[in-house]
There are 2 protein chains.
Amino acid sequence: MSTHAAARVAAPTRREQILREAARLFAERGFHGVGVDEIGAAVGISGPGLYRHFPGKDAMLAELLVGISERLLAGGKLRVTEGGASRGGSPDALLDALIAGHIDFALDDRPLITLHDRELDRLRDTDRKRVRQLQRQYVEVWVEAVRALYPSLPESEARVTVHAVFGLLNSTPHLTRPEALPDRTATAALLHRLARGAFAAAAS
Amino acid sequence: MSTHAAARVAAPTRREQILREAARLFAERGFHGVGVDEIGAAVGISGPGLYRHFPGKDAMLAELLVGISERLLAGGKLRVTEGGASRGGSPDALLDALIAGHIDFALDDRPLITLHDRELDRLRDTDRKRVRQLQRQYVEVWVEAVRALYPSLPESEARVTVHAVFGLLNSTPHLTRPEALPDRTATAALLHRLARGAFAAAAS
DNA sequence: GCAATGCGTTAACGCTCATTAACTCTGATC
DNA sequence: GATCAGAGTTAATGAGCGTTAACGCATTGC
């Protein structure tokens, strides 16, 4: 059906190649710091060739940011429903699941995490509003989970705390030399501990 | 001596006005997203008039980033020497002082904090190296303080933890509506608790 | 009084860069 | 085997923007 090999993973389409490379370049040098020629070169075609796949440079950024926000929120919601049903269902387990999911995201999709809070303002009004709305909903999922676990924590403090923990979990993509990190599972475990420590401290 | 009024605070010089407004604008819309005309307008002069005070737009960003890095490091070093001598001198008190100082910075100079990790790549090589070096030294001050308090914590984990706590403490300037924060002292206290909680969890 | 200097102004220049135009080539489809 | 669509190419266009030129005008120091 596909080009060659009954490969387990589908060959990445040109669009996907472009998005991945654009994400990397935008994260490295900023949206305005990257030219379309550069993005094209990164996938082996030349600048204007990109316009066969996207209506413009803005559209690439928009698709990246909307995409990441949607995936984050979907993952969060999924864990809430899963946690309520099949799994233990304790608030404790839900918070752990949210943290672990976010860490996976931060470690696997560094460029997107970076873009997510750095280039939001370059979007057209309508896209920016959409992303902001998704982000708010994602925060709300966390706030509810935190308050289920620590009912005494006021909502405003819970919200600030959730934002702060996002800053904490998203810190590794900002590192200059990510190769200086311990191996992935150790880093994930450490970040998880830090986040739980912060939440526990918030409630004390 | 000055223009008018024996004011307690010196009237801000034109240079300082420009730097403050440039910092705000750069933080809001990114270095490339702000034109010199806009910066000029923010201080009541017109675009090219800025060139009487700075050799170029890059120079403004450079001065901002080098300045903030120097002030952060100087503050950190000061607290180390103070803590060792006059104050209690316990590792515990030193870490508290570092955290409190950084929080003051994050809450009082939001735009600079934002620029600090967002626009570093727009600097000329020489300036960028200088800023990176100052940042590294600042991290080192924290790492030593943390390890003095928690000697069992391996250095690599301490370093990741310090970065993560910076992300946590720097999270408030990224908030969309900073007016939704609790009042300043309450926010500072909450952030302080979160940071201590994270460090404690790192060491467990 | 009168150069010199500091601090502005507006107009022009030139470069970068996203986007569009005008073609070409390959490979299905009927 | 002709046609058509998809996916590229290079060359041109045009806007935006940092920077420089050329000039005005106070204020200061001699």
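How many salt bridges are there between chain A and chain B? The count is two, a salt bridge being a side-chain nitrogen of Lys or Arg within 4 Å of a carboxyl oxygen of Asp or Glu.

This is a predicted model, in which local features need pLDDT of at least 70 and side-chain atom pairs count only at pLDDT 80 or more, whereas totals for chains, interfaces and linings use all residues. Residues are numbered from 1 along each chain as its sequence is written, chains are lettered from A and ligands numbered from 1 in the order in which they are written, and side-chain values use heavy atoms, with hydrogens and water left out.

**View 1. The interface of chain A and chain B.** Here 33 residues of chain A are in contact with 33 residues of chain B (contact means heavy atoms within 4.5 Å). The two chains bury about 2,800 Å² between them, with 65% of it on carbon and sulfur atoms; buried area is the accessible area (1.4 Å probe) that two parts lose on being put together, summed over both. In chain A, the residues that lose the most area to chain B are A:Arg118, A:Val160 and A:Arg193, together 18% of what that side buries.

**View 2. A salt bridge between B:Glu157 and A:Arg193.** The side chains of these two residues meet at 3.6 Å, N to O.

**View 3. DNA strand D and the residues around it.** Strand D is surrounded by 15 residues, the closest being A:Arg14, A:Ser46, A:Arg52, A:His53 and B:Tyr51 (a residue is near a strand if one of its heavy atoms lies within 4 Å of it). Of the atoms of strand D within 4 Å of the protein, 55% belong to sugar or phosphate and the rest to bases. An N or O atom in the side chain of A:Arg14 is 2.6 Å from a phosphate oxygen of strand D, and a polar backbone atom of A:Ser46 is 2.6 Å from a phosphate oxygen of this strand. From chain B, a backbone N or O atom of B:Val36 lies 2.8 Å from a phosphate oxygen of strand D.

**View 4. DNA strand C and the residues around it.** Among the 15 residues around strand C, A:Tyr51, B:Arg14, B:Ser46, B:Arg52 and B:His53 come nearest. A phosphate oxygen of strand C lies 2.7 Å from a polar side-chain atom of B:Arg14, and a phosphate oxygen of strand C is 2.7 Å from an N or O atom in the side chain of B:His53.

How values were computed:
Polar contact = N/O pair within 3.5 Å; in protein donor to acceptor, adjacent residues only side chain to side chain.
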